[in-house]
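Got the viewer open? Load the model, switch to cartoon, and keep the selection box handy for a short walk around the chain.

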Amino acid sequence: MNLLCFDSEQRWIEGVASLWRDRLRLQPELKMCVPSGQTPVKVFAEMARSVAAGEVSFHHAQMFLLDEFGDLERHDAGRSENMVHRDLLRHIDLPAVQFHSFNIEADDLNKVCRDYEAAMNGAFDLTILGIGTNGHLGMNEPGSLPDKGIRRVELAESTIKAAARYVSGTTLPTWGVTNGLKQILESKEVWVLANGSGKAEIIRRTVNDAVDVNVPSSWLRNHPNCWLLLDAEAASLL
Ligand code: PGA
């Protein structure tokens, strides 16, 4: 596990975006998995600026949504797809057919997961993640095993509460569909983005404590090409 810590949130935003631009320039058809949530919002904005300035292009890339919440209305701002659309997709040049998400309304969610995996057609080149304060990655909550794949999951109480930051309706999600730790650990490269003091303690546990089934992020210690990309506050307990 590699650590890259930036002096300020602004340097972190610019640093992560700079790395992302480099990956896309080296491999324009990069197959990546991206998270929703608050963490990537300013990084996404910097990537949108980069595309508008002609510094980089997503035109040949493939993008897969990391996870999606159940229970929410189709247009709820808290849907993962809606967040990524609002914060990134509508500002960049990725063709719509090269974005892959989960049809959470479908009756047969197993088929939705199988179709997503078929579209993946092998491991991600790059998986970008946020991290929950309980160490969850995607919606792989504490107790998730590293061989679990794409599936429907129940959310931890703290995740349900945290989702209140995103949703526009009155309903909070209690379940979702997520890439498993299997897809995350099989990804050729993994970045965990974390900013702010609220993530400092889980970053400390992820880096310093032993691999623990109750801390999903700790499985990343076994990954050969994993980077924690942190601002100063998230790194403050290391
Ligand atoms: P956040 O969520 O980026 O909104 O903090 C991260 C996560 O729960 O994985």
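Start by selecting D71: at 37% relative accessibility this residue counts as partly exposed, a class that sits between buried (under 20% relative accessible area) and exposed (over 50%), using a 1.4 Å probe and protein chains only. D71 is in the loop between β4 and α3. Check its backbone too: D71 is not a glycine, yet has a positive phi of about 75 degrees.

Some housekeeping before moving on. This is a predicted model, in which local features need pLDDT of at least 70 and side-chain atom pairs count only at pLDDT 80 or more, while totals for chains, interfaces and linings use all residues. Residues are numbered from 1 along each chain as its sequence is written, and side-chain values use heavy atoms, with hydrogens and water left out. The helix and strand labels are DSSP runs numbered from the N terminus: helices are H or I with at least four residues, strands are E with at least two.

**The two sheets**

Now colour the strands. Strands count as paired if DSSP finds at least two bridges between them. One open sheet has 7 strands in the order β1-β10-β9-β6-β2-β3-β5, with parallel pairing. Its edge strands are β1 (2–6) and β5, each pairing on one side only. Zoom in on β6 (residues 126–129) and β9 (residues 189–194), which pair in the parallel sense over 4 bridges. Pick L126 and look across to β9, where its bridge partner is E189.

Next, select helix α3 (residues 80–87), which lies across β2, β3 and β5 and runs at about 140 degrees to β3. Axes here are lines fitted to C-alpha atoms, for helices over the stretch in contact, and angles run from 0 to 180 degrees between N-to-C directions.

The other stop is an open sheet of 3 strands, ordered β4-β8-β7 with antiparallel pairing. Here the edge strands are β4 (67–69) and β7, and each pairs on one side only. On average, neighbouring strands of this sheet are turned by 25 degrees against each other, direction ignored.

Show side chains on β7. They alternate: R151 and V153 point to one face and are buried, whereas R152 and E154 point to the other and are not. β7 and β8 pair in the antiparallel sense over 4 bridges. R151 stands opposite T178 in β8, and the bridge partner of E154 in β8 is W175.

**Along helix α4**

Select residues 109–120. That is α4, with 12 residues and a reach of 17 Å from first C-alpha to last, close to the 16 Å expected at 1.5 Å a residue; the expected span is 1.5 Å times one less than the number of residues.

Which residues of α4 are buried? L109, V112, C113, Y116 and M120 are. They cover an arc of only 95 degrees around the axis, which puts them on the same side of α4; the arc is that of the directions from the helix axis to the C-beta atoms. Turn to the face pointing away from that buried side and you'll find the exposed residues N110, R114 and A118.

The buried residues of α4 pack against several elements, among them β2 (31–34), β3 (62–65) and α6 (181–186); contact means heavy atoms within 4.5 Å.

At the N-terminal end, D108 caps α4, with a side-chain oxygen 3.2 Å from the backbone nitrogen of N110. Just after the helix, select N121, in the loop between α4 and β6. N121 is exposed, with a relative accessible area of 65%, and its phi is positive at about 55 degrees although it is not a glycine.

**Two buried stops to finish**

Select S144, in the loop between β6 and β7. S144 is buried, with a relative accessible area of 10%. A polar atom of the S144 side chain lies 2.6 Å from the backbone oxygen of E141. Not counting residues up to four places away in sequence, S144 touches R151, L181, V213 and W219.

Last, go to I184 in helix α6. Buried or exposed? I184 is buried, with a relative accessible area of 1%. Leaving aside neighbours within four places in sequence, its contacts include L66, T127, L129 and H223.

Methods: A polar contact is a pair of N or O atoms within 3.5 Å; within protein, one must be able to donate a hydrogen and the other to accept it, and residues adjacent in sequence count only if both atoms are side-chain atoms.
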